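Please load the model in your viewer and keep a selection panel at hand. The stops below go from ring pairs to pockets and end at a sheet.

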Amino acid sequence: MKVLCIDIDSLRADHVSGYGYHGHTTPNIDTLIDDGVAFERGYVANSPCMPSRAALTSGRYGIANGVETHGQQSQQIDRPENRTDWAGSWTENGPERPWWTLPELFFQQGIRTIGVSSFPRHPAPWFYHVWHEFRQPQEPDEEMTVEWGHVSFQTPRAEAVTDEAIDALESVDGDEFFLYAQYWDPHAPYNRTDEQIERFRDVELPPHPTAEQIERHREWDTLRGATQEGIESREDLNELLSAYDAEIRYADRHVGRLLNHLKETGQYDETLIVLTGDHGEEFGEHGLYREHWSTHDGTQRVPMVIKPPSGTGFEPGAREQLITNVDFAPTIADYLGETPPERWQGSSLRPILESADAEGREFVVFDHGLYTAQRAIRTDEWKLIRTYHPGMWDGVLPAYQLFEMDADPWEQRNVADERPAVVGELETEMLLWAARHRTGSTDPLQRVAEEGPSGYNSFADGFEGV
């Protein structure tokens, strides 16, 4: 069994050219899409970085694993050894190993588990637990300071991640492996050259925010608002998006190097490849620029691509079924031939990979807990966002937002007041979902709302709100 999991920071689905974006941002990812299956409606179960990766690796939603935000509340995943002073082993939690994570599952199979991560700025112990090898590339301080911004914030570059990942693959020398490669680019700050940015300056702009919306946003005194980010017009928005697209193109180039290494060594076909983002990025659709702060699609919807290994039948192409990144762990376990640990909450996507007509979910539920405390439910037709804590946007974010997604994909018209019956029905579904998936006596997102989201607590003192 050979598995490559590629995790790209801040990559929203609608800026991937293989997902229909007008700019040619991702030629290498597009090739992977052509060879596999792309999920059009894939959402991270939790956002942003740490909650998303906890969901990905644990196979459990944040409401169960306990990681709903950053900061102190993110340092432990809910597991038996974190509930007691007993110095027991993580392997001794029952014959069905109910709490194991994805890397632990591979570790216990004796399959080489290797992590390559550009994520040392969030030092949660659970992220590094039970790998045969975990690499954190480090750029030279002088080079990073001059060319790439603050060394502790954006480190390292995609080039360094791919270099380490290829070196790791060479070390296993064709044997079985589970390789997790995590890229920081295209997360801000954007550091591409003017020449790299220029190729995207003529790409058609999205319809939102309009010039009128930007003008209104400039009245806000808020983190990542138009004024703080220097956005005065659609021309400024174009420059920001062009820089973002250039970062995506840069990350794609080095993802391509990693995929090409598999091809050149004859391992590509036999490798199960999963590519996803940890979250997206918003650019003024709802007032904030260059930030991931909500359960709107700009933050929560990411590319989700799976290329099954050779010898396993599947139907290439796009899929419309609703999925979350919690589904990746049981999917990988399915191809491994292992029964998922009983605490895992996702569903294997293998039936959907094998047939585009396979039945999917009626809805998915997902959370954001860094700058706001929000939970959303997404059906084929509707999206309901419930805000439990508005963060720095009190008076702007209503408690309920309801969007008709086919008619309003940019989530611009809140029809909650017009459709109270739909709001009630969807909120009931969301509450029932929470009751089914919560493992403790309290909902961790409610605790975030009570104590204040970590990003809000960190930044609110510097702003007076909106």
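Are Tyr244 and Phe283 buried or exposed? Select the two residues together: both Tyr244 and Phe283 are buried. Bear in mind throughout that this is a predicted model.

**Aromatic pairs**

A search of the whole structure finds 14 aromatic pairs. In the first one to select, the ring centres of Tyr128 and Phe134 lie 4.9 Å apart with the planes at 75°, and because an angle over 60 degrees counts as edge-to-face, that is the class of this pair. Tyr128 is partly exposed, with a relative accessible area of 25%, and Phe134 is likewise partly exposed, at 22%.

Return now to Tyr244 and Phe283, whose ring centres are 4.8 Å apart and whose planes meet at 50°, so that this pair is tilted. Tyr244 belongs to helix H9 and Phe283 to strand S8 (residues 282-283), so the contact ties together parts that are 39 residues apart in sequence.

For a wider view, select Phe106, Trp126, Phe127, Tyr128, Trp131, Phe134, Phe178 and Tyr180, which ring pairs link into a cluster; Tyr128 and Phe134 from the edge-to-face pair are thus seen again in this selection.

**Charges over rings**

Two further selections each combine a charged side chain with a tyrosine ring. With Lys307 and Tyr268 shown, the charged end of Lys307 can be found over the ring of Tyr268, 5.1 Å from its centre. With Arg386 and Tyr400 shown, Arg386 is found over the face of Tyr400, at 4.5 Å from the ring centre.

**The largest pocket**

Next, centre the view on Arg12, Asp14, Arg301, Pro409 and Trp410, which are, of the 34 residues that line the largest pocket, the closest to its centre. The volume of this pocket is about 620 Å³. Strand S2 (37-43), helix H9 (234-264) and helix H10 (297-300) are the elements that give two or more residues to its lining, and H9 provides the largest share, four residues. Helix H9 is also the element that holds Tyr244 of the tilted pair. If you colour the lining of the largest pocket by class, twelve residues are nonpolar, eight are polar and 14 are charged.

**The second largest pocket**

Move on to His217, Trp220, Glu285, His286 and Val396, the closest to the centre of the second largest pocket among the 17 residues that line it. About 360 Å³ of space lies in this pocket. Helix H8 (211-217) and strand S15 (400-404) each supply at least two residues of its lining, and the largest share, three residues, comes from H8. Coloured by class, the lining of the second largest pocket shows six nonpolar, seven polar and four charged residues.

**The sheet**

Strand S15, which contributes to that lining, leads to the last stop. In what order do the five strands of the open sheet lie? They follow the order S3-S12-S13-S14-S15, and the pairing is mixed. Strand S3 (46-47) and S15 are the edge strands, each of which pairs on one side only.

To finish, select S3 with strand S12 (residues 363-368): the two strands run parallel and are joined by two bridges. Within this view, Ser47 stands opposite His368 in S12.

How values were computed:
Residues numbered from 1 in each chain as written. Predicted model: local features only at pLDDT ≥ 70, side-chain atom pairs only at ≥ 80, totals over all residues. Heavy atoms only, no water. 1 Å grid on protein atoms, 1.4 Å probe; cavity = no way out; pocket = protein on both sides within 12 Å on 5 of 7 lines; lining within 4 Å. Points joined across faces, edges and corners; volume = space filled by probe spheres on them. Nonpolar A, V, L, I, M, F, W, Y, C, P; charged D, E, K, R; others polar. Phe/Tyr/Trp six-rings, centres within 6.5 Å; stacked < 30°, edge-to-face > 60°. Buried < 20%, exposed > 50% of the residue type's maximum accessible area, 1.4 Å probe, protein only. Lys NZ or Arg CZ within 6 Å of the ring centre and 35° of its normal. Pairing = 2+ DSSP bridges.
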